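Please open the structure in your viewer and keep the selection panel at hand. The tour begins at the ligand and then moves outward to the charged pairs.

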Amino acid sequence: MNSPLSFDLIRRRGLMLVLSSPSGAGKTTLSRRLLESDREISLSISVTTRQPRRNEVNGRDYIFISPAEFDLMAGRGELLEHAKVFGNYYGTPRAPVESTLAMGRDVLFDIDWQGTQQLKEKARNDLVSIFILPPSWHELERRLMSRAQDDPSEINRRMAKAADEMSHWAEYDYVIVNRDLDQSTLAIHSILLAERLRRHRQVGLSDFVSDLQAGK
Ligand code: 5GP
């Protein structure tokens with residue numbers, strides 16, 4: 001069965017969908033919803049030197065590696081982008097992204113503005129970027145506190161960082177204020193659907209039209 005966002009009659013090029021936001025704006029929930037409802041997109045699993053949180057699974061949420069392993073991967077050019085965020089290193093392994101795109105599937109990235117800039121420099125035409133904003137500062141604070149996954153000093157540090165993170169909204173193609181999860185999910189689906197239909201991504205179009213013209 002086709003997913004509702006699939007137009008698989010025409011062969012298309014996969015796209016890279018980036019979601020960025022200050023932590024606590026709802027990005028992780030929105031990513032999960034998108035992955036559950038659309039089988040043509042898969043998540044890029046980052047490597048990180050940060051310690052796993054409770055409930056985080058190695059290989060599902062992140063690939064947790066040591067700083068030495070991270071340096072090796074970066075040095076060998078195995079990371080498509082990498083950045084230091086909250087004192088830890090994060091990076092996107094190159095190989096899985098390239099093989100997914102080659103299959104005409106899309107890749108979802110949950111990365112920060114630094115990584116987005118690097119991807120933009122490398123693959124502007126394949127990149128679609130969305131910035132998620134919280135509805136208010138108060139709500140951001142509430143979400144970070146109720147999550148309580150990190151220790152209090154970590155939460156304070158993240159609140160301080162949020163203002164800085166948010167200053168990068170204008171570098172993104174789309175901006176969504178996440179007031180309501182259903183509405184924000186719909187907005188992301190709509191963006192994805194429209195971006196998949198961009199002419200330059202539908203690489204099978206000229207053959208298709210030639211066949212139509214030839215009466216096939
Ligand atoms: P957390 O530690 O809360 O999971 O993530 C902290 C921040 O790092 C988030 O803004 C997240 O989007 C970002 N991040 C996660 N993985 C990567 C990555 O591979 N590259 C970059 N540049 N940022 C990442």
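Which residues come nearest to the ligand? In this predicted model, select the ligand together with the 17 residues around it, and you will find that Ser46, Arg50, Tyr62, Tyr90 and Asp110 come nearest.

Next, restrict the selection to side chains and look at the ligand's oxygen atoms. A polar side-chain atom of Ser46 lies 2.7 Å from one ligand oxygen, while for Arg50 a polar side-chain atom lies 2.6 Å from an oxygen atom of the ligand. Turn then to Asp110, where an N or O atom of the side chain is 2.7 Å from a ligand oxygen. Of the 510 Å² that the ligand exposes when taken alone, the protein buries 95%.

If you now display pockets, the ligand is found in the largest pocket. Colour the surrounding shell by residue class, and it divides into 6 nonpolar, 4 polar and 7 charged residues. Select β5 (79–85) and β6 (88–93) as well, since each of these strands supplies at least two residues of that shell.

Finally, leave the ligand and turn to the salt bridges, of which a search of the whole structure finds 19. One of them to select is the pair Asp106 and Arg12, whose closest N and O atoms are 2.9 Å apart. Asp106 belongs to strand β7 (residues 106–110) and Arg12 to the segment before β1 (16–20), so this pair ties together parts that are 94 residues apart in sequence.

Methods:
Residues are numbered from 1 along each chain as its sequence is written. This is a predicted model: local features need pLDDT of at least 70, side-chain atom pairs count only at pLDDT 80 or more; totals for chains, interfaces and linings use all residues. Side-chain values use heavy atoms; hydrogens and water are left out. A residue is near a molecule or strand if one of its heavy atoms lies within 4 Å of it. A polar contact is a pair of N or O atoms within 3.5 Å; within protein, one must be able to donate a hydrogen and the other to accept it, and residues adjacent in sequence count only if both atoms are side-chain atoms. Accessible areas come from the Shrake-Rupley method with a 1.4 Å probe; for residues, only the protein chains shown count as cover. On a 1 Å grid over the protein atoms alone, a cavity is a set of points where a 1.4 Å probe fits but cannot get out, and a pocket is an open set with protein on both sides within 12 Å along at least five of seven lines; lining residues have an atom within 4 Å of a point. A molecule sits in a cavity or pocket if more than half of its atoms lie within 2 Å of its grid points. Helices (H or I, at least four residues) and strands (E, at least two) are DSSP runs, numbered from the N terminus. Ala, Val, Leu, Ile, Met, Phe, Trp, Tyr, Cys and Pro count as nonpolar, Asp, Glu, Lys and Arg as charged, and the others, Gly among them, as polar. A salt bridge is a side-chain nitrogen of Lys or Arg within 4 Å of a carboxyl oxygen of Asp or Glu.
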